[in-house]
Amino acid sequence: DDMPGKAAQEPMVVEFFRQFNLPVTDAHPELRASPAAQAKVKALLARKNLEAGALVLLHPGPSWKVKEWPHEHWAQLVVELRRRGFTNIAQLGVARYFTFGQVAIQSIPGTVSLVDELSVEECIAAIGMARLFIGIDSGLLHIAAGTRTPAVGIWGPTNPRLFYSEKHHPNFLTSHLPCSGCEHLKPRGHWFTGCPHDINCMKSIGPAEVLMRSLAILEAPV
């Protein structure tokens, strides 16, 4: 994404490989946690009365404010999932973000908190056990791709087509606003903590859209 005066047109890893005449692939490398990490996560889930095979993991952040989905949208999504019998829901995340330091984490009602409970490798183990991962543009969404866990991604200022292979795109939701994907414009159309359009790209993606994509995965034959 750092080509002077140019906006990315294809997955960034592809552009990187192409510069050096390396074999081009946009597939995420497969990630696997160690047996020890898997055992620790299984024990944690059992203590919290969470069933690994039916687990729905949510990751609302923290991240740049322009990447975050409104808290009330997350809360409504959980209400609708639980109403349909999907009650095995946990929230991932940390209370510290590398750019902003310590942050306040809002708990999503109706979920079990795993916030600050897992190392990176344990996140790989937990996500690899899950039935579904739902999250914003983040490292954990990349982990879901690496563990081959079905994932619904919620995107606003960034464009998933520049980070993920085509097979992931059907379950990624983006706004239809003309300013969507402004991270990749020259100059960028936002700053980390806000935007000139009140982050409407994220706010305009409703819980019903995310629910529909999630149910398509959860209700499919395993």
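1. Leu-22 is a convenient place to begin in this predicted model, and it lies in the loop that runs between helix α1 (12-19) and helix α2 (35-47). With a relative accessible area of 39%, Leu-22 counts as partly exposed, because that value falls between the limits of 20% for buried and 50% for exposed. Together with Phe-16 and Phe-20, Leu-22 forms a nonpolar patch on the surface, and the accessible area of these residues together is about 300 Å².

2. In soluble globular proteins, nonpolar side chains tend to be buried together. The largest nonpolar core of this model holds 29 residues, and those that touch the most other members are Leu-57, Leu-92, Leu-114, Leu-118, Ile-127 and Phe-133. At least two residues of this core are supplied by each of α2, α4 (120-129), α5 (139-147) and β7, and the largest share, six residues, comes from α4.

3. The aromatic rings deserve a separate look, as the structure holds five aromatic pairs. One of them joins Trp-69 and Trp-74 in an edge-to-face arrangement, with 5.0 Å from centre to centre and 85° between the planes; both Trp-69 and Trp-74 are buried.

4. What kind of pair do the rings of Trp-155 and Phe-172 form? Their centres are 5.6 Å apart and their planes stand at 45°, so the pair is tilted. Trp-155 belongs to strand β7 (residues 151-155) and Phe-172 to strand β8 (residues 172-174), so the pair ties together parts that are 17 residues apart in sequence. Trp-155 and Phe-172 are both buried, and ring pairs link them with Phe-163 and Tyr-164 into a cluster.

5. A charged side chain also meets an aromatic ring in this model, since Lys-67 lies over the face of Trp-64, at 4.1 Å from the ring centre.

6. The backbone has some features that a reader may wish to check by eye. Most residues other than glycine have a negative phi, and most peptide bonds are trans. The peptide bond from Gly-61 to Pro-62, however, is cis, with omega near 15°, and Pro-62 lies in the loop between β1 (56-59) and α3 (71-83).

7. Asp-198 has a positive phi of about 60° although it is not a glycine, and Ile-199 likewise has a positive phi, near 55°. Asp-198 is found in the loop between β8 and α6 (200-203), and Ile-199 lies in the loop between β8 and α6 as well. Asp-198 counts as partly exposed at 48% relative accessibility, whereas Ile-199, at 15%, counts as buried.

Conventions:
Residues numbered from 1 in each chain as written. Predicted model: local features only at pLDDT ≥ 70, side-chain atom pairs only at ≥ 80, totals over all residues. Heavy atoms only, no water. Patch = residues over 30% accessible without salt bridge, like charges linked within 9 Å, V, L, I, M, F, W, Y side chains within 5 Å. Areas by Shrake-Rupley, 256 points an atom, 1.4 Å probe, with all protein chains shown as cover. Salt bridge = Lys/Arg side-chain N within 4 Å of Asp/Glu carboxyl O. Helix = DSSP H or I, 4+ residues; strand = E, 2+ residues; numbered from the N terminus. Buried < 20%, exposed > 50% of the residue type's maximum accessible area, 1.4 Å probe, protein only. Phe/Tyr/Trp six-rings, centres within 6.5 Å; stacked < 30°, edge-to-face > 60°. Lys NZ or Arg CZ within 6 Å of the ring centre and 35° of its normal. Core = buried A, V, L, I, M, F, W, Y, C linked by side-chain atoms within 4.5 Å.
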